[in-house]
Amino acid sequence: MSIKRLKKQVFSSILSNSSIYSQASVLKELVENSIDALIESTNGRICVEIDAKSAGLQYMVVHDNGSGISKDGRSLMCLNCTTSKLRTIDDLNQGITTCGFRGEALYFISQLSKQMQIKTRTAHDDVCEVWNVNKEGLPSAVPEKIAGPFGTTVKLQEIFSSTPVRKQFLQKHFRSQMEKIRRMIIGYSFAYRNIRFQLEVLDVSFNGHLGSVIDNMMIPSKSSSLEIAMNVLKLREKESLFELDESVDIHIPNSDDTFKVHISGVLPRMRAQDEVAASRRLKVLFVNERLLSLKLKFGRTISRGLNDLYEQAMLLKPQAWFLKLDIPPEIVDVNIEPSKDDVMIPAELILLTDVFRCLRRIIRKECTVPEEQPEDLTNFGTSNPSLDADDVELTVQTIAPVDTTSSDGKADSLFVPNNCDHTTKRVETHVSILHESSDDEASSIILSPQEELTQVRESLTSPPTSQPKPIQISLKRIPLISEMSQRTLGLVQNVLFTPSRNKDHRNDILFRESGWTSRVGIPTQLLQLGFVEILKKNGHRVSLSSLKTELNKDGIFKVEF
Ligand SMILES: Nc1ncnc2c1ncn2[C@@H]1O[C@H](COP(=O)(O)OP(=O)(O)OP(=O)(O)O)[C@@H](O)[C@H]1O
Ligand SMILES: [Mg+2]
């Protein structure tokens with residue numbers, strides 16, 4: 001094919017694909033324009049309306065009460081490379097503080113919408129002016145003057161109608177677009193506390209008539225980020241989350257250069273008792289005024305880094321967080337991606353090391369589970385020197401109906417944490433005494449520490465009377481396990497230590513997965529690490545590689561060591 005210059009329409013549809021590719025990306029550009037127009041406002045409002053059936057493909061409106069577009073700028077606003085936010089390349093290099101800077105978004109949006117209308121009024125205008133913009137980015141008729149509020153309203157109809165395949169795809173996935181849009185609005189509300197954000201989902205008929213409001217999300221301005229997080233995550237307990245407000249001095253090695261990074265936001269505690277541990281996913285990262293994608297480099301690094309910090313602190317991966325890094329704009333390159341949602345920072349490695357160090361300290365401080373006060377243990381362990389008080393502080397609760405006979409057919413034994421050698425650390429379990437009652441009764445047995453001690457002592461001294469049954473041991477009552485359970489195993493209450501020694505003379509632990517673990521997705525490796533830690537603390541020589549684990553379809557997590 002010979003080389004030919006593309007027709008303007010073909011050219012612009014191809015170009016627009018680069019940064020504006022979905023309802024959410026169109027909306028992002030319009031909302032960011034509104035945010036930029038509200039930079040000076042203390043009482044800003046942005047209201048977004050989208051149709052429910054296509055998440056904005058058919059109908060999308062963004063209204064703000066910002067500065068409005070000045071009279072002399074209106075004929076340029078939808079042309080390519082026209083902006084009020086940047087004049088020279090130095091403006092960009094010295095650090096741009098507006099969301100937009102390329103002067104292309106409205107141009108692209110006008111290309112891909114069947115109808116685009118902009119209504120605007122500045123503080124100097126007596127009335128609003130309405131522009132119906134054509135594909136050239138120019139008014140299709142003489143702009144109309146009507147009464148209306150200050151600010152700007154952009155109304156789009158039938159977006160992506162010139163790219164039918166994309167439109168079909170986006171229509172099919174409108175629910176995920178709706179969710180993206182929701183999260184995006186929530187994200188902006190965290191960072192722009194001077195603005196009240198509202199998202200209205202409307203019933204719009206096929207011929208464009210507006211029906212009822214199906215969903216209305218409003219995030220008032222001046223709410224604290226903790227309040228916003230509680231609200232949008234539908235949490236009741238404030239303690240599930242904590243607010244961050246730290247400054248870190250970053251020093252560039254071999255130079256006198258230093259700069260400050262301010263870290264703010266809300267992080268989840270992710271302890272077992274925290275509601276947020278199982279709450280919905282909502283991760284928001286801002287660098288300065290910019291909402292970053294967590295799929296692109298900087299955002300991905302922060303997101304993975306946070307996961308690692310939580311994992312290192314023996315906590316579940318955080319599913320919901322809001323983090324804002326304020327970095328001097330002159331060292332942040334924002335012109336990386338067409339969608340303006342990634343940044344590049346020359347001193348990135350140093351900066352991230354210091355930021356993560358700071359976050360690690362805060363996470364450890366905020367998420368540590370306070371040690372449970374031990375109960376009165378003064379009488380414990382006195383008659384049996386091989387047992388420490390801690391070793392026997394356990395609650396025997398229910399009897400699980402599983403077969404506990406070891407593979408060699410012998411009676412099973414109860415694992416009790418202690419520091420004895422291999423032959424004694426597996427205390428022979430003759431605690432069947434506890435299970436002579438019916439299952440119903442047994443399930444309600446919660447013994448006092450004294451009773452437990454007596455029974456365990458009896459079990460140690462008397463011969464087995466019947467086939468022992470497996471016992472569930474409440475993790476909460478065993479301090480070492482409690483620590484692991486709360487940090488790592490989450491709400492899991494019961495561990496089934498089957499008391500068995502298999503053919504290879506290996507020890508088995510059966511851990512009954514409560515369903516909660518899989519719901520919040522505790523990784524198997526974390527469970528393994530948890531068990532290694534528990535076992536090590538109890539004098540076993542185990543490592544991750546010597547631990548064999550298996551999660552069967554009944555939810556039994558079998559650990560061999
Ligand atoms: N809601 C608004 N309120 C006031 N002015 C606006 C609004 N939306 C657009 N404008 C004006 O129109 C211009 C063009 O907008 P457009 O989004 O195309 O470019 P930009 O925001 O400057 O850069 P970018 O392409 O990176 O978004 C803006 O520079 C701004 O002056
Ligand atoms: Mg813009």
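Is Glu29 buried or exposed? At 4% relative accessibility, Glu29 counts as buried, because buried means under 20% relative accessible area. That residue is a good place to start a tour of this structure, which is a predicted model.

## The protein as a whole

Let us step back for a moment before returning to Glu29. The protein has 561 residues, and 52% of them count as buried. Its secondary structure comes to 15 helices and 19 strands. The accessible surface is about 27,100 Å², and carbon and sulfur atoms account for 52% of that area. Of the contacts in the protein with a separation of 6 or more, 69% are between residues 24 or more positions apart.

## Around ligand 1

Now to the ligand. Ligand 1 is surrounded by 21 residues, and the closest are Thr83, Ser84, Lys85, Glu104 and Lys340. Sorted by class, this shell holds 6 nonpolar, 9 polar and 6 charged residues. Helix 2 (23–37) and helix 4 (105–112) each supply at least two residues of the shell. The largest share, 4 residues, comes from helix 2.

Oxygen atoms of ligand 1 pair with N or O atoms of the protein, and the table lists three such pairs.

| Residue | Part of the residue | Distance to an oxygen atom of ligand 1 |
|---|---|---|
| Asn33 | side chain | 2.8 Å |
| Ser84 | side chain | 2.5 Å |
| Arg102 | backbone | 2.9 Å |

How much of the ligand does the protein cover? Taken alone, ligand 1 exposes 590 Å², and the protein buries 93% of that.

## Two glutamates of helix 2

Back to the residue we began with. Glu29 lies in helix 2. A polar contact of 2.9 Å joins its side chain to the side chain of Lys340, and Lys340 is also among the residues closest to ligand 1. Setting aside neighbours within four places in sequence, Glu29 is in contact with Ile20, Ala105, Ile109 and Lys340.

Glu32 is placed in helix 2 too. With a relative accessibility of 2%, Glu32 counts as buried. Beyond its neighbours within four places in sequence, Glu32 is in contact with Cys99, Tyr188 and Lys340. Lys340 therefore appears in the contact lists of both glutamates, Glu29 and Glu32, which are themselves buried at 4% and 2% relative accessibility.

## A serine in helix 4

Helix 4 offers another residue to visit. Ser110 is found in this helix, and its relative accessible area of 2% makes it buried. What does its side chain reach? The side chain of Ser110 comes to 2.6 Å from the backbone oxygen of Tyr107. Not counting residues up to four places away in sequence, Ser110 touches Cys78, Met116, Val133, Asn134, Lys135 and Gly137. Ser110 and Ile159 are 49 residues apart along the chain, and their C-alpha atoms are separated by 9.0 Å.

## A leucine in a loop

Leu76 sits in the loop between strand 2 (59–64) and helix 3 (89–93). Its relative accessibility is 41%, so Leu76 counts as partly exposed. The C-alpha atoms of Leu76 and Gly103 are 9.8 Å apart, with their positions 27 residues apart along the chain.

## Two positive phi angles

Some backbone angles deserve a look as well. Most residues other than glycine have a negative phi. Glu158 is not a glycine, yet it has a positive phi of about 55°. Glu158 lies in strand 6 (residues 151–159), and with a relative accessible area of 25% it is partly exposed.

Met314, likewise not a glycine, has a positive phi of about 60°. Its place is in the loop between helix 8 (297–312) and strand 13 (320–326). Is Met314 buried or exposed? At 14% relative accessibility, Met314 counts as buried.

## Cysteines

One last stop concerns the cysteines. How many disulfides does the model have? The count comes to 0 disulfides, where a disulfide would need a pair of cysteine sulfur atoms within 2.5 Å. Cys47 is buried, with a relative accessible area of 16%. Cys358 also counts as buried, at 6% relative accessibility.

Technical notes: Residues are numbered from 1 along each chain as its sequence is written. Chains are lettered from A and ligands numbered from 1 in the order in which they are written. This is a predicted model: local features need pLDDT of at least 70, side-chain atom pairs count only at pLDDT 80 or more; totals for chains, interfaces and linings use all residues. Side-chain values use heavy atoms; hydrogens and water are left out. A residue is near a molecule or strand if one of its heavy atoms lies within 4 Å of it. A polar contact is a pair of N or O atoms within 3.5 Å; within protein, one must be able to donate a hydrogen and the other to accept it, and residues adjacent in sequence count only if both atoms are side-chain atoms. Accessible areas come from the Shrake-Rupley method with a 1.4 Å probe; for residues, only the protein chains shown count as cover. Ala, Val, Leu, Ile, Met, Phe, Trp, Tyr, Cys and Pro count as nonpolar, Asp, Glu, Lys and Arg as charged, and the others, Gly among them, as polar. Buried means under 20% relative accessible area, exposed over 50%, partly exposed in between (1.4 Å probe, protein chains only). Contact means heavy atoms within 4.5 Å.
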